[in-house]
Amino acid sequence: MTTTHTVHRAATAVAARATELSKVYGEGETQVVALDRVTVDFPQGEFTAIMGPSGSGKSTLMHCVAGLDSFSSGSVRIGDTELSTLKDRQLTQLRRDKIGFIFQAFNLLPTLTALENITLPMDIAGRKPDAAWLQRVIDMVGLSDRLKHRPTELSGGQQQRVAVARALASRPEIIFGDEPTGNLDSRSGAEVLGFLRNSVRELGQTVVMVTHDPVAASYADRVIFLADGAVVDQMINPTADGVLDRMKAFDAKGRTS
Ligand SMILES: Nc1ncnc2c1ncn2[C@@H]1O[C@H](COP(=O)(O)OP(=O)(O)OP(=O)(O)O)[C@@H](O)[C@H]1O
Ligand SMILES: [Mg+2]
């Protein structure tokens, strides 16, 4: 008998890492420190949720680590690549080749079919999708009989499943989601979260997801809590109740200060 699981755990590499990452908006009186020396690892093959009060810096952290936004100081690594060493064109290329995105608004192109939307990023990059992989992803999100439909002919949940498949299609190094279930009812949201979890468990994908929802966070392997631009806590193998209790502690602090 081999202990593959243990070996996998021990050998965990880092898909993305932020080190002493700071992001300051504006100057002088109007200055906002959105991120204050954040150091965090996103291990390969793990599902990480980022939580924290509104304005705590969740989206800023995600955007800086995903190369969508510049940062003021510190460093960000995707795989072995230091983002600050890249020119704009190289950064665009890295985003395209190594990162998958899922946003709250599904961001599908209305004139394209579901299948065309799924393969669009790879088409733009001039890469041919691996047919077997693509089929596996499409089967997993249950879209086989909807591939010729356009976004307007799909429910919100189905549209987000297209977005999930689009993010998975190129087997990116890491997938980032900013409240990917924010616009979905709880059942469709649970489906999308199940697909994300399966993509981590079964396909070895790395996922980082910003969410406000303790139930959504409970699908993750780990929750990182932000407050005022800093990482203040984390929870391994979170439960919805555990996360809810932690969030209540933030609320209580907010009320008394
Ligand atoms: N373009 C900007 N210019 C100035 N300040 C900004 C800008 N974007 C964000 N901020 C500020 O940075 C801080 C962090 O914002 P961020 O959007 O990361 O928060 P968040 O945790 O994602 O909040 P929410 O849960 O409401 O989405 C906030 O105080 C916000 O007002
Ligand atoms: Mg946000």
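Student: Which helix and which strand each supply at least two residues of the shell around ligand 1?

Tutor: In this predicted model, the shell around ligand 1 includes V32 and A34 as well as K58, S59 and T60. Placing these residues on the secondary structure, where β2 spans 32–43 and α2 spans 58–65, shows that the elements that each supply at least two shell residues are β2 and α2.

Student: Which element gives the most to the shell around ligand 1, and with how many residues?

Tutor: The shell includes K58, S59 and T60, and α2 covers residues 58–65. The element that gives the most to the shell is therefore α2, by the DSSP assignment of helices, and its contribution is 3 residues.

Student: How do the residues of the shell around ligand 1 divide into nonpolar, polar and charged?

Tutor: The surrounding residues include P53, S54, G55, S56 and G57, together with H212. Glycine is counted among the polar residues in this classification, and the shell as a whole divides into 4 nonpolar, 7 polar and 1 charged.

Student: Which side chain has a polar atom 2.7 Å from an oxygen atom of ligand 1?

Tutor: For Y25, the pair consists of a side-chain N or O atom and a nitrogen atom of ligand 1, at 3.4 Å. A polar side-chain atom of H212 lies 2.9 Å from an oxygen atom of the ligand, while the protein covers 59% of the 630 Å² of accessible area that ligand 1 has on its own. The side chain with a polar atom 2.7 Å from a ligand oxygen is that of K58.

Student: Why is α2 largely enclosed by the rest of the structure, and how many of its residues are buried?

Tutor: A residue is counted as buried when its relative accessible area is under 20%. Among the residues of α2 that meet this criterion are K58 and T60, both of which also belong to the shell around ligand 1, and the buried set further includes L61, M62, C64 and V65. The helix is largely enclosed because the number of its 8 residues that are buried is 6.

Student: Which residue just after α2 takes a positive phi, and of about what value?

Tutor: Positive phi values occur elsewhere in the model in residues other than glycine, one of them being E20, which is placed in strand β1 and counts as partly exposed at 42% relative accessibility. Another is E179, with a phi of about 50°, in the loop between β7 and α7. Just after α2, the residue with a positive phi is G67, at about 75°.

Key. Residues numbered from 1 in each chain as written. Chains lettered and ligands numbered in written order. Predicted model: local features only at pLDDT ≥ 70, side-chain atom pairs only at ≥ 80, totals over all residues. Heavy atoms only, no water. Near = heavy atom within 4 Å. Polar contact = N/O pair within 3.5 Å; in protein donor to acceptor, adjacent residues only side chain to side chain. Areas by Shrake-Rupley, 256 points an atom, 1.4 Å probe, with all protein chains shown as cover. Helix = DSSP H or I, 4+ residues; strand = E, 2+ residues; numbered from the N terminus. Buried < 20%, exposed > 50% of the residue type's maximum accessible area, 1.4 Å probe, protein only.
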